[in-house]
2 protein chains.
Amino acid sequence: MNQQQFPSQLLENAINAFSTLPGIGRKTALRMVLHLLRQKETDVEQFAESIAQARKQIKYCKVCHNISDNDICDICNNPKRDQTTICVVETIKDVISIENTAQYKGLYHVLGGIISPMDGVGPNDLEIESLIQRVASGKIKEVIFALSTTTEGDTTNFYLFRKLSPYNIKITTIARGVAIGDELEYTDEITLGRSIINRITFNI
Amino acid sequence: MNQQQFPSQLLENAINAFSTLPGIGRKTALRMVLHLLRQKETDVEQFAESIAQARKQIKYCKVCHNISDNDICDICNNPKRDQTTICVVETIKDVISIENTAQYKGLYHVLGGIISPMDGVGPNDLEIESLIQRVASGKIKEVIFALSTTTEGDTTNFYLFRKLSPYNIKITTIARGVAIGDELEYTDEITLGRSIINRITFNI
């Protein structure tokens with residue numbers, strides 16, 4: 001698909017735009033543009049407008065750094081949520097995933113990444129200082145780590161643990177174990193081993 | 001992924017926009033929007049602008065109905081191309097595919113679809129009348145059919161053949177046969193059968 005000749009510069013520009021998106025090659029981009037060309041002009045205008053507007057106007061919550069339409073996000077601002085618990089995650093996607101479970105009613109803290117010396121990401125590149133300040137305010141009772149189970153995740157967990165342990169709070173991490181629906185036969189040994197060590201009391 | 005709660009209306013609008021594209025679900029749409037949020041504001045503006053502009057300003061060639069930046073497309077306007085041969089295709093995508101082979105130097109005619117009674121598409125919904133007029137002008141020596149090998153494609157070929165046969169032109173269709181690189185063992189019987197019937201003289 002190199003050096004493809006398109007019959008229109010405008011078409012080519014639009015294809016180039018879509019090709020910058022993750023996972024979108026030029027063939028898919030062409031299909032998307034041709035799809036949009038068949039839509040009503042006002043619909044396509046709205047399409048483009050909603051994208052530009054999102055980039056221009058979306059803010060990040062000053063407390064938890066989640067995406068927000070306001071300075072403080074709806075989660076931090078919600079008095080019905082447990083204001084004493086913070087769940088620490090890497091990205092906004094993780095917030096959305098946890099929110100979708102409808103099992104968590106506390107607050108979040110989005111680090112914006114994970115400590116990764118290989119990628120040149122140190123503690124100062126992440127929202128760690130602001131997390132410590134939130135804890136230092138004295139209103140927080142529990143901090144839950146919900147980071148990746150990778151070397152980088154473990155490093156970050158360890159770093160955060162050291163920084164937060166001076167404060168009088170409970171520090172937990174989300175449970176790791178055999179996923180619901182998975183068969184033991186196909187579960188990797190580390191996960192299975194951990195699920196035995198961290199076994200929980202059975203109750204009905 | 002139903003009823004997913006997003007932390008921002010602006011985010012949700014942008015995700016809804018991307019979700020309207022073919023083959024894009026809400027998870028992929030979210031990934032795309034989060035990717036754009038990490039880009040420079042001017043880049044995202046340009047992204048949105050190129051899409052809106054494409055829809056607003058792209059024209060269709062008045063002769064062959066291919067996508068074009070002008071009233072007459074670059075192919076129809078190119079004196080180096082064989083102005084006596086027309087290749088009839090269903091969509092603009094087919095024009096791009098054939099152009100990429102660099103094997104065809106004639107003109108095109110984009111029907112804008114194919115005769116399909118099941119989908120309520122009749123001859124009058126397609127650019128057939130304008131094709132007949134091009135042929136009737138007397139400048140055309142050959143018309144090549146390059147439509148799908150489906151019942152609808154055959155119906156359209158037959159309809160066009162009947163309409164064009166009164167004119168003194170050569171009517172051909174692109175060769176059907178075993179694709180280059182394909183093994184005979186895995187080629188379907190109809191294709192293989194046709195490739196034997198339409199065998200060509202071997203030369204080195």
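## Sheet, interface and loop residues of a predicted two-chain model

Strand 3 (residues 85-89) and strand 5 (residues 142-145) of chain A pair in the parallel sense over four bridges, where two strands count as paired if DSSP finds at least two bridges between them. Helices (H or I, at least four residues) and strands (E, at least two) are DSSP runs, numbered from the N terminus. The model is predicted, and local features need pLDDT of at least 70, side-chain atom pairs count only at pLDDT 80 or more, while totals for chains, interfaces and linings use all residues. Residues are numbered from 1 along each chain as its sequence is written, and chains are lettered from A and ligands numbered from 1 in the order in which they are written.

Within the pairing of strands 3 and 5, A:V88 has A:F145 of strand 5 as its bridge partner. Both strands belong to an open sheet of four strands in chain A, with the order 4-3-5-6 and parallel pairing. Strand 4 and strand 6 (170-173) of chain A each have a single partner strand, so they stand at the edges and one side of each is left without a neighbour in the sheet. From one strand to the next, the twist averages 25°, with axes taken as lines fitted to C-alpha atoms and angles running from 0 to 180 degrees between N-to-C directions.

Turning to the interface, 49 residues of chain B are in contact with 49 residues of chain A, contact meaning that the C-beta atoms of two residues, placed from the backbone, lie within 7 Å. On the side of chain B that touches chain A, at least two residues each come from helix 1 (9-19), helix 2 (26-37), helix 3 (41-57), strand 2 (67-68) and helix 4 of chain B. Helix 3 of chain B gives the largest share, 14 residues. By class, this side of chain B has 27 nonpolar, 12 polar and 10 charged residues; Ala, Val, Leu, Ile, Met, Phe, Trp, Tyr, Cys and Pro count as nonpolar, Asp, Glu, Lys and Arg as charged, and the others, Gly among them, as polar.

A:P22, in the loop between helix 1 (9-19) and helix 2 (26-37) of chain A, is in contact with B:R31, B:M32 and B:H35, its neighbours within four places in sequence left aside.

The table lists exposed loop residues, a residue being buried if 20 or more other C-beta atoms lie within 10 Å of its own, exposed if 12 or fewer, and partly exposed in between.

| Residue | Other C-beta atoms within 10 Å |
|---|---|
| A:P22 | 10 C-beta atoms |
| A:A102 | 9 C-beta atoms |
| B:A102 | 9 C-beta atoms |

A:A102 is found in the loop between helix 4 (92-101) and strand 4 (107-110) of chain A, and its phi, near 60°, is a positive value in a residue other than glycine.
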